[in-house]
Amino acid sequence: MTEPDIDFATDPDDYRHWQLDVDGPVATLQMQVDPHGGIRGDYELKTNSYDLGVDIELHDIVQRLRFEHPGVKTVVLTGGLDKIFCAGANIQMLAGASHGHKVNFCKFTNETRNAIEDASANSRQVWIAAVNGTAAGGGYELALACDEIHLVDDRSSAVSLPEIPLLAVLPGTGGLTRVVEKRRVRRDLADAFSTRNEGVRGQTAVDWGLVDGIAPASAFEAHIAHRCEIRGAESDRPDTAGITLAPLQRTIEEDTIRYGTLSVDIARNTNAATFTLAAPTTTQPTDGAGLHASGPDSWLLQAARELDDAILHLRFNETEVGTWVFRTTGDPDAVLSAEAPLHDDADHWLVREIRLLWARTLKRLDVSARSLVTLIEPGSAFAGLLAELVLVADRSFMLDGTWEDLDDPPEPATVRLSAANLGLVPMSNGLTRLATRFWGRDDALAAATSTIDTDLDAAAAAAVELVTFTPDDLDWDDEIRLMLEERNSFSPDALTGMEANYRFVGPETLETKIFSRLSAWQNWIFQRPNAVGPEGALQRFGTGSRPNFDKRRV
Amino acid sequence: MSTVDIDAKIPNNVDLAGDRRLQRALEAWQPKFVRWWEDLGPSAFKRNEVYLRTAIDVGRDGWANFDHVEMPDYRWGIFLAEQEPDRTIAFGDHKGEAAWQEVPGEYRSDLQRLIVVQGDTEPASVEQQRHLSLTAPSLYDMRNLFQVNVEEGRHLWAMVYLLHRYFGRDGREEADEMLERHSGDDDNPRILGAFNEETPDWLSFFMFTYFTDRDGKYQLASLRESAFDPLSRTCDFMLKEEAHHMFVGASGVGRVVQRTLELMLEHDTDDVHPYGGINLDLLQKYINFHFSVSADLFGAETSTNAANYYAAGIKGRFQEEKRDDDHQLKTAYRNVPLWEDGQIGEREVTQLSALNETLRDDYIEDCQKGLDRWNRMLADAGANELRLPHTGFHRDVGTFRDTHVSPDGRAISEDEWNANVDAWLPTADDRSHVQSLQVGVNEPGKMAGWLAPPSRGIHQKPIDYDYVKV
């Protein structure tokens, strides 16, 4: 058993950078980054700047607030240092990080910001940024992820996005997009704001739409409390006990990761990881109360948490494993029974949280820079929620027939859609994966949808276009092997670009724009000498030398 | 079908009886092949017994079994040369690594394409030659035609075997399409242009087997070097059979030369047309034509595809392992022809990018050997010698496309070309003269008047043996 380089599992007892105080319906989260608590040792996390480790804790907090604190209706995010809210991502950390790490880091921090917005919008746990000092770059982006931003009016605290003037890069966690799309700041003012390294203070910040309110230091606490009262009153979250997200039981070996409901096996020759998700094997709760009683041990919650952890682990620790293959085992009916509360008790707070966790986890797959392949074989359980793994795939293969050579051939595989596929776990484009698959083809969507609750064999699944290819047992092994080998031979960059182009069909949303612009613009800028070259701004930052830019516009 | 039945029906050394997938694939394909043979195989003498060689094994005794058989009952088999233990890759980026026993996914599409292009030529030539049996100059020649035809059919099987066994569903679809494309079909033509021309007469047939089948020999020989071991072994065995096709061409043209000389001496004239012979200048025009269109089959002088295939290890050079160089060719150079400013020049390129030209050079050298043999006969009689035209003559592919080069290798004007083309390439009159000589001769031992009998029969049988029972 080995320890991963980067571990996403953490616990409130282990937090180094955050202070969480829960007082009835209000939780206050203070950011107080330990300068010596960085993941790498070659930088100090001064002035509440963050690295991945700080964000892993934040991600854990966002998650636990939802599951462990159902009574919390508002979360106040504030700075725990004098005159500083948050200085954003640590520049020395970025300057020393590989390109791949920077991109992965940005993707993860974006997902956490999205999870904060998801909490405000869908969990009714409203995040309020109490910007009690300077919020620069990623610091202001963190505030932007909250539902309201309030800035202390002390003649010095400002919000700013100084990336362009100081670092020659873009804000990496959706800042530009949120300024105009979420906060509706006028584009010319946004332009002025984003090129002014000292940022904007006080009433101007309100006037430009950069913050929702200001208050002098003496009245700031009362101002925030008042906002919490108003927003808390709108929330439907119950005053009840939460469940504890006990640590995941996980064994990580060289080429295998085992969880309770999931195992991941890595084939180094093809750089492919096979995720095998097991359907429930025990009786599962039928409603929210039952799920509550099961705590973290219901299949519905455990499977989502385990899948989420595995995705993050592979993204950061297995960067050369470029293809993720999804298999399932077990009884499809057991999956459908387990997901029943999602349909039958949808308003229960915990049911809602579990559903939203599945939605976020599946979205993580959508934005993962990996080829996603799903294999549907006899003995699999691609029903309902797990059928999303068919729809998430860049390509799927379904065995036509069964394993003829076995003495006792199993029943042929089936796929079955349920109501879970019709809106419970939408993609970042706001559509179901089914609707995205059939974008602009209403007849095809209707045909696929009409099969709901019906077992489809390979021919039927192919007929309604739910699967890509349906080889029989004679071809299966070769087809899969050749596909995996071929995939492994292509440029990873080109594949990532192609896959992202094809995955996000249909309308743009705040989320899709954030990810696509991160992928396109920020990744481009992160590669350019003006940012990362020896005379570029990231390298020169803090050295006293000015960067030397190649002035040609591209 | 029982194991015994399968192996009897389809002789093989690929454990067909133990490979359920292959059996099923072939069961679906074989009836299509039989139908194709009925529809587009030889149009006459379909049910006559022909003295044919059938491969039933790859060993010395197995690969050449002779017996009378009706062609539809011919046992098309699947044979790979014996596996060489621990074979390693001889060239390219994978040089020194173990040869591949399965298709690497990385090269699936390239390998499949090469096999499809090669495979497509095999049934194509059967289609091109389907009416020739009606005008066979002797039963001996008719038998040779049919031998070539059934072996082209077997070569199709060999390629289909590879597609079925190693390329999954895509491979099966490609195998079907090889029977759905037809030579000269406007909508579904054969892949390579030269295989869409009908073979109208027996002189063309001899020329085709001499020049065009020889391209096949060189393609197969370079595929025999492939890192993909099953392809290598398949081609190795096909080359044994291909040698007979070369023989049919070389001896066929040689017999025409011999007969022409006889008529020239007998009548003391160079113009033997009135006496039912073929003049040497007409023969030269046929050589010019068939050599130049076959030279096109090797592709352009420089080719990134060929370089990629070589670097990947999927297609080598002729006799790759006998060559004394680094087998990477990235830093070795050679000159290739270049048409520039209306002149024939050269330019230096890496050997890696010039593999087509290198293979064509090897081919031309081989072609010349037959001419040397014929020319010895001509020299003895004091006649002018036959020559291969310059490589730039009448080319439709590569640097010489849309240029005018004389057979002796001069860059010439369009006017000069137009003034001489009838002296260099067969005219309609030439072809109709050859056509006029095409009369079927179906009596054992008898020959049409325009070619000499062979020096000996097939498999120690006499020349007047009933090679085809009519």
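This report describes the domain division of chain A, two contact surfaces and one helix in a predicted model.

**Domains of chain A**

Chain A falls into domain 1, residues 13–233, and domain 2, residues 251–503. Taken over C-alpha atoms, the centres of domain 1 and domain 2 of chain A are 34 Å apart. Contacts between the two involve 11 residues of domain 1 of chain A and 10 residues of domain 2 of chain A. On the domain 1 side, helix H1 (52–68) and helix H3 (99–122) of chain A each contribute at least two residues. H3(A) gives the largest share of that side, with 7 residues.

**Contact between chains**

Chain A also meets chain B: 12 residues of chain A are in contact with 10 residues of chain B. The table lists the residue classes on the side of domain 1 of chain A that touches domain 2 of chain A and on the side of chain A that touches chain B.

| Side | Nonpolar | Polar | Charged |
|---|---|---|---|
| Domain 1 of chain A, touching domain 2 of chain A | 3 residues | 4 residues | 4 residues |
| Chain A, touching chain B | 5 residues | 1 residue | 6 residues |

**Helix H6 of chain A**

Helix H6 of chain A covers residues 175–182, and its buried residues are A:Gly175, A:Leu176, A:Thr177, A:Arg178 and A:Val179. These buried residues of H6(A) pack against three helices of chain A: H4 (138–144), H7 (187–194) and H20 (510–527). Just after H6(A), the backbone at A:Arg184 adopts a positive phi of about 55°.

Conventions:
Residues numbered from 1 in each chain as written. Chains lettered and ligands numbered in written order. Predicted model: local features only at pLDDT ≥ 70, side-chain atom pairs only at ≥ 80, totals over all residues. Domains from an automatic or database assignment. Contact = placed C-beta atoms within 7 Å. Helix = DSSP H or I, 4+ residues; strand = E, 2+ residues; numbered from the N terminus. Nonpolar A, V, L, I, M, F, W, Y, C, P; charged D, E, K, R; others polar. Buried ≥ 20, exposed ≤ 12 C-beta atoms within 10 Å, placed from the backbone.
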